Amino acid sequence: MEIKAREACALRQAIKLQGNKPLYERVPTHDDQGRSLNDFMMIFPGLRDLPEVQLREKIKLMAAILSRCDEVVYVDLNLPLNLLWVSLRQKPGLVLDLSTGIKASFPESMLVGVPQDALVRKKR
């Protein structure tokens, strides 16, 4: 799937660290139609310790992976904690697909605290 340059740029801007409010106050819980969103977290050991050039490249790659998915509605990268939070519209298997895609590019990353049913593709 082709990444639209404007969307990738907007997502990269959204990934910037924002320390104004706690995450629980910033993360959306429902989409525009009132449907509940799914979330997942990933930890990236050593990310914050990378040289700036490498860090920027990693963030650019992360943004490219996440911007391929129209269901992603919120992304928060907490660099001091090496923690990525992603909120997305519900779609069976999507958490698994996205986290696997990120893991393929970031082998050191670890998926954290995802309910089992969010990882299973439901049979139709």
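A residue counts as buried under 20% relative accessible area, as exposed over 50%, and as partly exposed in between. This cut-off will be needed at Met41, one of the stops below. The structure on display is a predicted model.

**The whole chain**

Begin with the full protein, coloured by confidence if the viewer permits. The mean pLDDT is 81, and 75% of the residues score at least 70. Helix α1 (residues 5-14) has the lowest confidence, with a mean of 52, whereas β3 has the highest, at 93. The early helix should accordingly be viewed with that score of 52 in mind.

Next, switch to a cartoon view. Five helices and four strands make up the secondary structure, and from the N terminus their order is α-α-β-α-β-β-α-β-α. Of the 124 residues, 35% are buried. Among contacts with a separation of 6 or more, 68% join residues 24 or more positions apart. If a surface is drawn, it represents about 8,000 Å² of exposed area, of which carbon and sulfur atoms supply 53%.

**The strands**

Select β1 (residues 37-43), then add β3. These two strands pair in the antiparallel sense over seven bridges. One position to label is Ile43, whose bridge partner in β3 is Leu83.

Add β4 (110-112). The pairing of β1 with β4 is also antiparallel and comprises three bridges; β1 thus has pairings with both β3 and β4.

Now add β2 (72-78). β2 pairs with β3 in the antiparallel sense over six bridges, and Val72 stands opposite Leu88 in β3. How many of the seven residues of β2 are buried? Six are, and the strand is mostly covered.

**Met41, in β1**

Select Met41, which lies in strand β1. Is Met41 buried or partly exposed? Its relative accessible area is 21%, which is not under the 20% limit for a buried residue, so Met41 is classed as partly exposed.

Display the neighbours of Met41. Leaving aside residues up to four places away in sequence, Met41 touches Leu83, Leu84, Trp85, Met110, Leu111 and Val112. Val112, in β4, stands opposite Met41. For a distance check, select the C-alpha atoms of Met41 and Val95: the two residues are 54 apart in sequence and 9.9 Å apart in space.

**The hairpin turn and Asn82**

Return to β2 and β3, which form a hairpin with four residues between them. Select Asn82, in the loop between β2 (72-78) and β3 (83-89). Most residues other than glycine have a negative phi. Asn82 has a positive phi, near 55°.

Is Asn82 buried or exposed? With a relative accessible area of 6%, Asn82 is buried. Beyond residues up to four places away in sequence, Asn82 touches Met42, Ile43, Phe44, Pro45, Gly46, Leu47 and Arg48.

**The aromatic pair**

One of those contacts of Asn82, Phe44, leads to the next stop. Select Phe44 together with Phe106 and show their side chains. The structure has one aromatic pair. The ring centres of Phe44 and Phe106 are 5.4 Å apart and the ring planes meet at 85°, so the arrangement is edge-to-face. The pair links distant parts of the chain, 62 residues apart: Phe44 is in the loop between β1 and α3, and Phe106 is in the loop between α4 and β4. Both residues are buried.

**Helix α4 and Ser99**

Select helix α4 (residues 94-105) and, within this helix, Ser99. Ser99 is buried, with a relative accessible area of 5%. Which residues does Ser99 touch, not counting those up to four places away in sequence? They are Phe40, Met42 and Leu111. Two of these names recur from earlier stops: Met42 among the contacts of Asn82, and Leu111 among those of Met41.

**Helix α3**

Finish with helix α3 (residues 52-67), which contains 16 residues. At 1.5 Å a residue, α3 should span 22 Å, and its end C-alpha atoms are 22 Å apart, so the two values agree. To see which residues of α3 are buried, select Leu55, Ile59, Met62, Ala63, Ala64, Ile65, Leu66 and Ser67.

Technical notes. Residues numbered from 1 in each chain as written. Predicted model: local features only at pLDDT ≥ 70, side-chain atom pairs only at ≥ 80, totals over all residues. Heavy atoms only, no water. Buried < 20%, exposed > 50% of the residue type's maximum accessible area, 1.4 Å probe, protein only. Contact = heavy atoms within 4.5 Å. pLDDT = per-residue confidence, 0-100. Areas by Shrake-Rupley, 256 points an atom, 1.4 Å probe, with all protein chains shown as cover. Expected span 1.5 Å × (residues − 1). Pairing = 2+ DSSP bridges. Phe/Tyr/Trp six-rings, centres within 6.5 Å; stacked < 30°, edge-to-face > 60°.
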